[in-house]
Amino acid sequence: MSRKILMVILMVVAIAAMGLAQTGTVKGTVKDMNTDEPLIGANVLIEGTIIGTATDGDGYFELSNVPAGEIEVSVSFMGYNNVTRNASLAANESIDLEFTLEAGMLTTKAIEVVAQRARDRETPVAFTTVEKIDMVKNLGSQDVPMVLN
């Protein structure tokens, strides 16, 4: 009886181990479309997972333990249009993908910079008002920080 139980347990463990080994490797390079230069630090991600990396100094990336099956690989880099490519990955297989990204425009809403001049007895910040005549008289050939001290 115990021999049968031991055989069942071993079969369950073997089947579970085979299920866990259903992974592959995705590797490749990311380059600029116009200059063919490698894009250093581009983000490469397998969609729907937490598997991702950044390209190295040669634009190369390698992702290990990627689940086998149909995958969607996304590449993004600041200042470039994102690229997504579908691929089929078999268990224990390694596939090479080459990505070329096109430079894109980053658009944002208008940015407004607002400032106010410090005023005596109204501004809770320490400041010193230096008049032009004092600067001309005291500056000479000295640096401005030396005069303000």
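# A walk through a predicted chain

Among the elements of this chain, strand E2 (residues 43–46) has the highest mean pLDDT, 94, while helix H3 (residues 144–148) has the lowest, 63. The model you are looking at is predicted, and it helps to keep those two values in mind as you move around it. Over the whole chain the average pLDDT is 82, with 77% of the residues scoring at least 70. Where pLDDT is low, the predicted coordinates should not be read in detail.

Let us begin with the overall layout. The chain holds three helices and seven strands. Follow it from the N terminus and you meet the elements in the order α-β-β-β-β-β-β-β-α-α. The chain has 149 residues, and 19% of them count as buried. Its exposed surface comes to about 11,700 Å², of which carbon and sulfur atoms supply 56%. As for how the chain folds back on itself, take the contacts between residues at least 6 apart in sequence: 53% of these join residues at least 24 apart.

Now turn to the strands. Four of them form an open sheet, arranged in the order E3-E2-E5-E6 with antiparallel pairing. At its edges are strand E3 (52–54) and strand E6 (83–89), each of which pairs on one side only. From one strand to the next, the twist averages 20 degrees. Strands of a sheet pair through backbone hydrogen bonds, either parallel or antiparallel. To see one such pairing here, look at E2 and E5, which are joined in the antiparallel sense by four bridges. One place to find this pairing is valine 44, whose bridge partner in E5 is valine 75.

Stay with E5 for a moment, and find glutamate 70. This residue sits in strand E5, which covers residues 69–76. Is glutamate 70 buried or exposed? Its relative accessibility is 67%, so glutamate 70 counts as exposed. Setting aside neighbours within four places in sequence, glutamate 70 is in contact with Ala87 and Ser88. Alanine 87 is 17 residues away along the chain, yet its C-alpha atom and that of glutamate 70 are separated by 5.9 Å. With serine 88, the link is between side chains: a polar contact of 3.2 Å joins the two residues.

For a contrasting setting, go back to strand E1 (residues 23–32), where threonine 29 has its place. Threonine 29 has a relative accessible area of 15%, and because buried means under 20%, this residue counts as buried. Which residues does threonine 29 touch, not counting those up to four places away in sequence? They are Gly59, Tyr60 and Phe61, together with Leu97, Glu98 and Phe99.

Finally, two loops deserve a visit. In the loop between E1 and E2 you will find aspartate 36. Although aspartate 36 is not a glycine, it has a positive phi of about 65 degrees. Aspartate 36 is partly exposed, its relative accessible area being 47%. The other stop is asparagine 92, in the loop between E6 and strand E7 (94–101). Here too phi is positive in a residue other than glycine, with a value near 60 degrees for asparagine 92. Asparagine 92 has a relative accessibility of 67%, so it counts as exposed.

Technical notes:
Residues numbered from 1 in each chain as written. Predicted model: local features only at pLDDT ≥ 70, side-chain atom pairs only at ≥ 80, totals over all residues. Heavy atoms only, no water. Buried < 20%, exposed > 50% of the residue type's maximum accessible area, 1.4 Å probe, protein only. Contact = heavy atoms within 4.5 Å. Areas by Shrake-Rupley, 256 points an atom, 1.4 Å probe, with all protein chains shown as cover. pLDDT = per-residue confidence, 0-100. Polar contact = N/O pair within 3.5 Å; in protein donor to acceptor, adjacent residues only side chain to side chain. Pairing = 2+ DSSP bridges. Axes fitted to C-alpha atoms, helices over the stretch in contact; angles between N-to-C directions.
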